[in-house]
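Trainee: I am new to this structure and would like a close look at a single part of it. Could you walk me through the largest pocket and the residues around it?

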Amino acid sequence: MVSSPQELSKQIANDVRTRAKWVQEAGVRVEPSHTHFFLAQTATGTAARLKHYLVEHFGLLIRDAANFRGLGPNHFRIATLGPAQDEKLIAALVQWKNHCS
């Protein structure tokens, strides 16, 4: 149990770092973040194609960030949701990577 705001902040930061590492291991480049969401970049395909794939096959939704100023068609944003949903996203990203290879 977390007993102080500082401990909660440290726990959240640790969770964010852990999840960012998992996403990177799935073949996605992740920008550093101090929040519960990440800016990421797929190495294969576009964010629009990835978004369609994730919705169609896994019921997961990401934010296509291609229209964000200075970003390209392979940028997208994801948020941490909780262990079960995050693990589902990681598995889906691994399948995406394999699907595109």
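Mentor: Happy to! Let's start from one residue, aspartate 86, which touches Arg19, Ala79, Thr80 and Leu81, leaving aside residues up to four places away in sequence. Keep in mind as we go that this is a predicted model. Aspartate 86 has its place in helix H3. Is aspartate 86 buried or exposed? Its relative accessibility is 5%, so aspartate 86 counts as buried, since the cut-off for buried is under 20%.

Now to the pocket itself. Asp86 is one of the residues that line the largest pocket, and Ala79 and Leu81, two of its contacts, belong to that lining as well. The rest of the lining is made up of Phe37, Leu60, Leu61, Ile62, Arg63, Arg77, Ile78, Gln85 and Leu89. Two elements give two or more residues each to this lining: strand E4, covering 75-79, and helix H3, covering 83-100. What is the lining like in character? Eight of its residues are nonpolar, one is polar and three are charged. As for the space inside, the volume of the largest pocket is about 190 Å³.

Since we have met charged residues, here is a last stop. The structure holds one salt bridge, and its partners are the side chains of arginine 29 and glutamate 31, with 3.1 Å from N to O. Glutamate 31 has a relative accessible area of 28%, so glutamate 31 is partly exposed, whereas aspartate 86, at 5%, is buried.

Note on methods: Residues are numbered from 1 along each chain as its sequence is written. This is a predicted model: local features need pLDDT of at least 70, side-chain atom pairs count only at pLDDT 80 or more; totals for chains, interfaces and linings use all residues. Side-chain values use heavy atoms; hydrogens and water are left out. On a 1 Å grid over the protein atoms alone, a cavity is a set of points where a 1.4 Å probe fits but cannot get out, and a pocket is an open set with protein on both sides within 12 Å along at least five of seven lines; lining residues have an atom within 4 Å of a point. Grid points are joined across faces, edges and corners, and a volume is the space filled by probe spheres set on the points. Helices (H or I, at least four residues) and strands (E, at least two) are DSSP runs, numbered from the N terminus. Ala, Val, Leu, Ile, Met, Phe, Trp, Tyr, Cys and Pro count as nonpolar, Asp, Glu, Lys and Arg as charged, and the others, Gly among them, as polar. A salt bridge is a side-chain nitrogen of Lys or Arg within 4 Å of a carboxyl oxygen of Asp or Glu. Buried means under 20% relative accessible area, exposed over 50%, partly exposed in between (1.4 Å probe, protein chains only). Contact means heavy atoms within 4.5 Å.
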